[in-house]
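Q: Could you walk me through this one? I am new to it and would like to take it topic by topic.

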Amino acid sequence: MIGTFLVVDPVPTARIALRAKLQSAHYQVSLAAAGTAALALGPNLRPDMIILGDGLADIDTASLCRTLRQQDWAADIPILVIASRREPAQWAAILKAGADDIIGGPVDDGALFARIRRSLSDLAERRDLAARVSPMPHGVCGAIDWGHTHTGLIGLVSKRPSHARAWQSAITANTKLRVETLDPSRILGRSGAEARHDVFVIDGDIGSLGDPLRFLIDLRARVPDRIKATVVLCSEQDSETAAKALDLGANGVFQGVDDAKECCARLLALMRRVRQAEHLNALLDANLAMALADPLTGLQNRRAGLQQLAQLRGEPHAVMMIDIDHFKSINDRYGHAAGDQVLVAVAGVLRQAGADAPICARIGGEEFLVAIPARQNTEAMALANALRKKVADQVLSVVGQALHVTVSIGVASLEPGEAVETTLARADRALYASKRHGRNRASLALEPQLAD
């Protein structure tokens, strides 16, 4: 369960007061008065969040953030800094060093706890995603380059042209980020346009549309899978809107941020998290692809092929069971390594020849499954014989020997309403008919109503 905090602050009353607030919300809290003490506590405590006060005697806040990000236990957890006064240049340096957020004191409790809830929610999502990518705790999730200056596209949603131009000028002058100003009255109807933006920044004043929070809800509801991150701009005094925005799904709120360097540092800090999420999702996609792929040939594996076949209900398809002829004798004569080379070569021919096939799978041993769109039996047989001939025409070099390999094919039409198992059984019987009649040939299965 997420909810362990490490509070680091040189002022005893400040850290004790913050501990009392956190404990009242049923969080577990450990305290440290110095950076060295925090670094010593961390490996055993492994907190879910660190809250830093500024003014530490032994190390400045930016250096401590940088050091924390180099530790395994703190490589990914949220770091929130509470500063005694606003110093934009110093705040920018702290964010660049690895802090996720920084706020000035005295802190409004509602805004503070909203930031905490959002940070812990995001951390839980990252950990869940990382667990599906790798069983190693704290490993993949921490794979983030804290010093890298990321690129990306910011969608600035605003009805104030002069305000938008000032933001755009500041961002493009200080970062590699690009900015597109978006009209809030039009953006919700732009199909597909939202996929291009890495972060949406929503101006607190969006004209006649009124409440930026309502716009935030509409934006996330209409394109929830395409939005990578959202930020709401609030005035420094508007803590209530800031808290609500975070609880409604905003990934950040910028309160009273007018300094260009601080603004850019906040966007870059958020962009780090966007790129980290993309990295984790890419790893997960790769893992899923591997789970559905045959490791030797790269074709779909049996599970993927059969699952896909079960979904082919629409356009008519020719379902082909394909078997390499005399494969056992190849293994016996040349060895299993040579047999693997033959499997890979045949798979390559099938993949290339059946480029438009929704299914091209190795379903076991030397057997393959291919499904290709075909409206009539004559078309299905022509496609099957073309595949067979492509294989037969290949000269394979195996252990220094030139080999000609052939395949036998059984073809069955995928009939509407017919169970996948029944279709495969008919194709399999046709395959054995090809074997019985001399191999290197294709045979057509009986129609369903004529099958045994």
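**A bridge between two strands**

A: In E9, Val232 is the bridge partner of Ile202. Strand E8 (residues 199-202) and strand E9 (residues 230-234) pair in the parallel sense over 3 bridges, where pairing requires that DSSP finds at least two bridges between two strands. The strands and helices are DSSP runs numbered from the N terminus, with at least four residues for a helix (H or I) and at least two for a strand (E).

Q: Before we go on, what kind of model is this?
A: This is a predicted model, in which local features need pLDDT of at least 70 and side-chain atom pairs count only at pLDDT 80 or more, while totals for chains, interfaces and linings use all residues. Residues are numbered from 1 along each chain as its sequence is written, and side-chain values use heavy atoms, with hydrogens and water left out.

Q: Okay, in what order do the strands of the sheet with E8 and E9 come?
A: The order is E7-E6-E8-E9-E10 in an open sheet of 5 strands, with parallel pairing. Strand E7 (177-182) and E10 are the edge strands, each pairing on one side only. Neighbouring strands of this sheet are turned by 25° against each other on average, direction ignored.

Q: And which strands does helix H9 lie across?
A: Helix H9 (residues 239-247) lies across E9 and E10 and runs at about 165° to E10; for such angles, axes are lines fitted to C-alpha atoms, for helices over the stretch in contact, and the angles run from 0 to 180 degrees between N-to-C directions. Contact here means heavy atoms within 4.5 Å.

Q: What is the strand order in the open sheet that has E1 in it?
A: That sheet has 5 strands in the order E2-E1-E3-E4-E5, and the pairing is parallel. Strand E2 (28-32) and strand E5 (101-104) stand at the edges with a single partner strand each, so one side of each has no neighbour in the sheet. Strand E4 (residues 79-83) is joined to E5 by 4 bridges, and Leu80 stands opposite Asp101 in E5.

Q: Which helix packs on that sheet?
A: Helix H5 (residues 109-133) does, touching strand E1 (4-8), strand E3 (49-53), E4 and E5, and its direction makes about 145° with that of E3.

Q: What about the loop just before H5, where is Pro106?
A: Pro106 is found in the loop between E5 and H5, and the peptide bond from Gly105 to Pro106 is cis, with omega near -5°.

Q: Switching topic, how many aromatic pairs are there?
A: A search of the whole structure finds 1 aromatic pair. The ring centres of Phe5 and Tyr27 lie 4.8 Å apart with the planes at 55°, so the pair is tilted; rings of Phe, Tyr and Trp (its six-membered ring) pair if their centres lie within 6.5 Å, and planes under 30 degrees apart count as stacked, over 60 as edge-to-face and the rest as tilted.

Q: What does that pair tie together?
A: Phe5 lies in strand E1 and Tyr27 in the loop between helix H1 (12-24) and E2, so the pair ties together parts that are 22 residues apart in sequence.

Q: Any odd backbone angles, say, what is phi of His326?
A: Phi of His326 is near 55°, a positive value in a residue other than glycine, and His326 is found in the loop between strand E11 (317-324) and helix H12 (327-334).
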